[in-house]
Amino acid sequence: MKTIVLTGAAGNIGKVLRQQWSDGRYQLRLNDIKPLGPMAAHETLHAGDLRDAAFCSELLAGADAVVHMAGIGTDLELDLLIEHNLKALLSVYQAARSHTVRVVYPSSNHAIGMYPVETEIDEYAAVRPDSLYGISKVWGEGIARLYYDKHGVESVCLRIGSFETEPFERRHLHTWLSHPDMQHLVECCIEAPQVGFQIMYGVSANTRRWWQQTDNPIGYQPQSNAEDFAARIADIPSRGGPLAERFQGGGFAAVDYSNNK
Ligand SMILES: NC(=O)c1ccc[n+]([C@@H]2O[C@H](COP(=O)([O-])OP(=O)(O)OC[C@H]3O[C@@H](n4cnc5c(N)ncnc54)[C@H](O)[C@@H]3O)[C@@H](O)[C@H]2O)c1
């Protein structure tokens, strides 16, 4: 059985993956700085801060993959982004290098959020971050690339769209990633014999998706489609006002926008 490190296990995505893997298909090392509750037979608790390089090294030793869901998911404070999305990620990659562990890294659609909604892109399009948060994800993709080129550490960077139980606004017709598709995507990252360095769009099989996948070495085949909810959500505007409707990053793209174009 594979041993998987799940960081950020107390967070939104971490909690769902933990539940999806409650059948014991993996031996799980669960990490967070927040409480994680009682452990099941296939789980072990590794509470601690990933900025601590020695802790990270211990956490990853002997694991098959790290699903690194720990981080800051907002654009509020540069210092927090630097601490948890930049420094902590570097500790994780140093540990992955020391112990030859594959990394599943959650990048974000906000790395490419300034593309207009009329544009379709694939994973090779130039980055167009929509926020400091988006820039922190570009940093993460850069670290992943560096550690593969220089040290052979394999990574799949997931440009996650909108991870929700159900889509609830117009933008989600393009960006939704369902819970079952996320589980399948992460398991593809873990189980593929080789991944090298790969960027994958973390998006369901939405009819209106903006993001196309040119290379799919992990065999991701999403099943959900936000179009099934179109009648209910097509008239619900995206949070963030009219600017959020113009750019793929939605509300993040609208914050502090001062361009007169
Ligand atoms: N939820 C989405 O739709 C979405 C979309 C795009 C990208 N992402 C990315 O996916 C990842 C997971 O998202 P989420 O919604 O579950 O986030 P979340 O904020 O709910 O959970 C993140 C968890 O990481 C933990 N954490 C933060 N810093 C830590 C550190 N230094 N050491 C140990 N634990 C730490 C937090 O305590 C928290 O429980 C994030 O990197 C986020 O940027 C999420």
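Me: A polar contact is a pair of N or O atoms within 3.5 Å; within protein, one must be able to donate a hydrogen and the other to accept it, and residues adjacent in sequence count only if both atoms are side-chain atoms. We are looking at a predicted model, in which local features need pLDDT of at least 70, side-chain atom pairs count only at pLDDT 80 or more, and totals for chains, interfaces and linings use all residues. Residues are numbered from 1 along each chain as its sequence is written, and side-chain values use heavy atoms, with hydrogens and water left out. What distance separates an oxygen atom of the ligand from a polar backbone atom of Ile13?

Reply: Start with Gly11, where a backbone N or O atom lies 3.3 Å from a ligand oxygen. At Ile13 the partner is again a polar backbone atom, and the distance to a ligand oxygen is 2.8 Å.

Me: Which residue has a side-chain N or O atom 2.9 Å from an oxygen atom of the ligand?

Reply: Let's look at who sits around the ligand: 26 residues surround it (a heavy atom within 4 Å). The closest include Asn12, Asp32 and Tyr133. The side chain that places an N or O atom 2.9 Å from a ligand oxygen belongs to Lys137.

Me: What share of the ligand's accessible area does the protein cover?

Reply: Accessible area comes from the Shrake-Rupley method with a 1.4 Å probe, and for residues only the protein chains shown count as cover. On its own the ligand has 840 Å², and the protein covers 88%.

Me: Which element gives the largest share of the shell around the ligand?

Reply: Elements here are DSSP runs numbered from the N terminus: helices (H or I, at least four residues) and strands (E, at least two). Those supplying at least two shell residues are α1 (12–20), α4 (132–151) and β5 (102–108). With three residues, the largest share comes from β5.

Me: What is the volume of the largest pocket?

Reply: On a 1 Å grid over the protein atoms alone, a pocket is an open set of points with protein on both sides within 12 Å along at least five of seven lines; its lining residues have an atom within 4 Å of a point. The ligand's space is the largest pocket, and 42 residues line it. Its volume is about 1,100 Å³.

Me: Which element gives the most to the lining of the largest cavity?

Reply: A cavity is a set of points where a 1.4 Å probe fits but cannot get out. Here the largest has a volume of about 40 Å³, and its lining includes His68, Tyr105 and Lys137. The element giving the most, with three residues, is α3.

Key: A molecule sits in a cavity or pocket if more than half of its atoms lie within 2 Å of its grid points. Grid points are joined across faces, edges and corners, and a volume is the space filled by probe spheres set on the points.
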